[in-house]
Amino acid sequence: MPQHPSNPYRAPQAAPSQRSLPRRDSRNTNRGPFVPAAPALNSQPPELAQRYELLSRLGVPPVANEDFDDLARNVAERARFLYGFVNLFLDEQTFVGLHQPPTNSGFVIVGRTMSRDHGWCPEVMARRKALPLHDVHASPRFSGNAVVDAVGIRSYFGAPLIHASGTVLGTVCVIDPEKRSLREARHLRDIVINASSQVMDHIAHAPVR
């Protein structure tokens, strides 16, 4: 995917043959300023303009912050997944909340943004309901994905962030290199659905730090 050196959440250009997510290379970049490269509002798709307008009205800047990181960590820990995200679906998928393994863990370290057409969150946005993938390779529709190759993901559970106005702001999701059993799927789906409600409650009632 294209790299933007001016974006503090992206790493230097990877080798052309390597398919990887943006990387967070140091602790201090995790909280750095972020300005979405948004086109003029009149050139945005209506749903994207609605998201920006609603976030502005709610006083929620599309930047990394500790409250959303805490929520991402909480959902990942409850699901026992390595990665957790609170994802605003803007010009790019923007991970305002992020939990992942330590940098020295040997697992892939991801960044704060990703292309809008990568991963499984675009499907959650389109369907406006939770997507439980206990094994992404169990379905040809979902196995062919850049994230599978880049991070080696086997399981994904995501739920949409739907405002009372009907606007879908993004998703809450967890991913992991290990597949899960079918008998776990309903419980894991319920965890991310509950987490999405917690995030929307936080957005509606509490100022972000």
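Before we start: helices and strands here are DSSP runs, numbered from the N terminus, with at least four residues for a helix and at least two for a strand. With that in hand, a loop can be placed by its neighbours: Arg 80, for instance, lies in the loop between α2 and β1. The model is a predicted one.

**Exercise 1. Work out how α2 and α6 are oriented to each other, and what makes up their contact.**

Solution. Start with the general recipe: two packed helices are described by the angle between their axes and the distance between the axes. Here the axes of α2 (residues 66-79) and α6 (residues 182-205) come within 10 Å and cross at roughly 165°. Angles over 145 degrees count as roughly antiparallel, so that is the label for α2 and α6. As for handedness, α2 passes α6 in a right-handed crossing.

Next, the residues. On the α2 side you'll find Asp 67, Phe 68, Leu 71, Asn 74, Val 75, Arg 78 and Ala 79. From α6 come Leu 188, Ile 191, Val 192, Asn 194, Ala 195, Gln 198, Val 199, His 202 and Ile 203. Sort them by class and you get 10 nonpolar, 4 polar and 2 charged residues.

**Exercise 2. Check the span of α6 against its residue count, then find what covers its buried residues.**

Solution. The 24 residues of α6 should span 34 Å at 1.5 Å a residue, and the end C-alpha atoms are 36 Å apart, so the two agree. Now look for burial: the buried residues of α6 include Leu 188, Ile 191, Val 192, Ala 195, Val 199, His 202 and Ile 203. Their cover includes α1 (46-58), α2, β1 (83-89), β5 (155-162) and β6 (168-176).

**Exercise 3. Do the same for α1, and look just past its end.**

Solution. α1 has 13 residues and reaches 18 Å from first C-alpha to last, close to the 18 Å expected. Its buried residues are Leu 48, Ala 49, Arg 51, Tyr 52, Leu 54 and Leu 55, and they pack against β1, α3 (121-127) and β6. Just after α1, Gly 59 takes a positive phi of about 75°.

**Exercise 4. Find out how exposed Arg 80 and Arg 128 are, and what their phi values look like.**

Solution. Most residues other than glycine have a negative phi. Arg 80, though not a glycine, has a positive phi of about 60°. Exposed means over 50% relative accessible area, so Arg 80, at 72%, counts as exposed.

Arg 128 sits in the loop between α3 and β4 (131-133), and its phi is positive too, near 60°. With a relative accessible area of 40%, Arg 128 is partly exposed.

Methods
Residues numbered from 1 in each chain as written. Predicted model: local features only at pLDDT ≥ 70, side-chain atom pairs only at ≥ 80, totals over all residues. Heavy atoms only, no water. Axes fitted to C-alpha atoms, helices over the stretch in contact; angles between N-to-C directions. Parallel < 35°, antiparallel > 145°, perpendicular 65-115°, else oblique. Left-handed = near helix turned anticlockwise from the far one by under 90°. Contact = heavy atoms within 4.5 Å. Nonpolar A, V, L, I, M, F, W, Y, C, P; charged D, E, K, R; others polar. Expected span 1.5 Å × (residues − 1). Buried < 20%, exposed > 50% of the residue type's maximum accessible area, 1.4 Å probe, protein only.
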